[in-house]
Amino acid sequence: MNKTKIKQNDKVMIISGKDKTKIGKVLKIYHNKGKVLVEGLNKIKKHVKPNPYKQEQGGIKDAEAPVHISNVRVVCDACANPTKPAFRLTGDGEKVRFCKKCDENF
Ligand SMILES: [Zn+2]
């Protein structure tokens, strides 16, 4: 499987489904499933059991569901465009991610 170019706290745009074109922050990456959890997006209704130890009431709550990586694009910090990032080496031999659209590292 391809290693993802998405990192935690990246901004990503969803490109399919009901939240298409919406942008959110990556909260979690599930490498083995190839999915990411995006803050505030792809919400589902989740049934929650009451948990007296945490003083949580049961019921239905909104929760984010993981989105497949093929359905998101990383949004470049510099030009704010959704992009397919690429990698290149700096003069120090360090691998950095850069935007193919504006050529900025991000
Ligand atoms: Zn850019």
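## Reading a zinc site and its surroundings

In sequence, the donor residues of the zinc ion follow the spacing C-x2-C-x19-C-x2-C. The model discussed here is predicted.

Q: Let me start with the metal. Which residues coordinate the zinc ion?

A: Look for the donor atoms around the ion, then for their distances. Here the zinc ion is coordinated by the SG atoms of C76, C79, C99 and C102. The distances run from 2.2 to 2.4 Å.

Q: How do I read the geometry; what are the angles among the four donor atoms of the zinc ion?

A: The ideal angle for four tetrahedral donors is 109.5 degrees. In this model the angles among the four donor atoms are 106 to 112°. The site counts as tetrahedral because every angle has to lie between 85 and 135 degrees for that label, and the range of 106 to 112° meets this.

Q: Now for accessibility. Is C99 buried or exposed?

A: Compare the relative accessible area with the cut-off: buried means under 20%. C99 has a relative accessible area of 0%, so C99 is buried. Another donor, C102, has 27% and is therefore partly exposed.

Q: Let us move to T83. Where does T83 lie, and which residues is T83 in contact with, leaving aside its neighbours within four places in sequence?

A: For a residue like this, read the element, the accessibility and the contacts together. T83 lies in strand β8, residues 82-83. T83 is buried because its relative accessible area is 4%. Its contacts beyond four places in sequence include the zinc donors C76 and C99. The others are R73, V74, K100, K101 and F106.

Q: K100 is on that list. Is K100 buried or exposed?

A: K100 is exposed, because its relative accessible area is 59%. K100 is placed in the segment after β10 (95-98). Apart from neighbours within four places in sequence, K100 is in contact with T83, K84 and A86. For A86 you can set sequence beside space: K100 and A86 are 14 residues apart in sequence, and their C-alpha atoms are 6.8 Å apart.

Q: What about rings; how many aromatic pairs does the count come to?

A: A pair of aromatic rings is described by the distance of the centres and the angle of the planes. By the rule used here, the count comes to zero aromatic pairs.

Q: Then consider charges over rings. Which ring does the charged end of R97 sit over?

A: Check both the distance to the ring centre and the position over the ring. The charged end of R97 sits over the ring of F106, 4.3 Å from its centre. There is also K33, whose charged end sits over the ring of Y30, 5.6 Å from its centre.

Q: R97 has come up; which residues does K5 touch, not counting residues up to four places away in sequence?

A: K5 touches D10, P85, F87 and R97. K5 lies in the segment before β1 (11-14), and K5 counts as partly exposed because its relative accessibility is 36%. A polar atom of the K5 side chain lies 3.3 Å from the backbone oxygen of P85. As for F87, 82 residues separate K5 and F87 along the chain, while their C-alpha atoms are separated by 8.8 Å.

Q: How far apart in space are N32 and R97, C-alpha to C-alpha?

A: They are 22 Å apart in space, and 65 residues apart in sequence. N32 lies in the loop between β2 (23-30) and β3 (35-38). N32 counts as exposed because its relative accessibility is 67%.

Q: Let us finish with the backbone. What is phi of N42 near?

A: Look at the sign, and check whether the residue is a glycine. Phi of N42 is near 55°, a positive value in a residue other than glycine. Q55 also has a positive phi, near 55°. N42 is in the loop between β3 and β4 (43-48), and Q55 is found in the loop between β4 and β5 (59-64). N42 is partly exposed because its relative accessible area is 23%, whereas Q55 counts as exposed because its relative accessibility is 75%.

Q: Is D19, which touches N42, buried or exposed?

A: D19 is buried, because its relative accessible area is 9%. Its place is in the loop between β1 and β2. Besides N42, D19 touches I14, L41 and K43, not counting residues up to four places away in sequence.

Conventions
Residues numbered from 1 in each chain as written. Predicted model: local features only at pLDDT ≥ 70, side-chain atom pairs only at ≥ 80, totals over all residues. Heavy atoms only, no water. Donors = N, O, S within 2.8 Å, 3.2 Å for Na, K, Ca; no water. Tetrahedral: all angles 85-135°; square planar, octahedral: opposite > 155°, others 65-115°. Buried < 20%, exposed > 50% of the residue type's maximum accessible area, 1.4 Å probe, protein only. Phe/Tyr/Trp six-rings, centres within 6.5 Å; stacked < 30°, edge-to-face > 60°. Lys NZ or Arg CZ within 6 Å of the ring centre and 35° of its normal. Helix = DSSP H or I, 4+ residues; strand = E, 2+ residues; numbered from the N terminus. Contact = heavy atoms within 4.5 Å. Polar contact = N/O pair within 3.5 Å; in protein donor to acceptor, adjacent residues only side chain to side chain.
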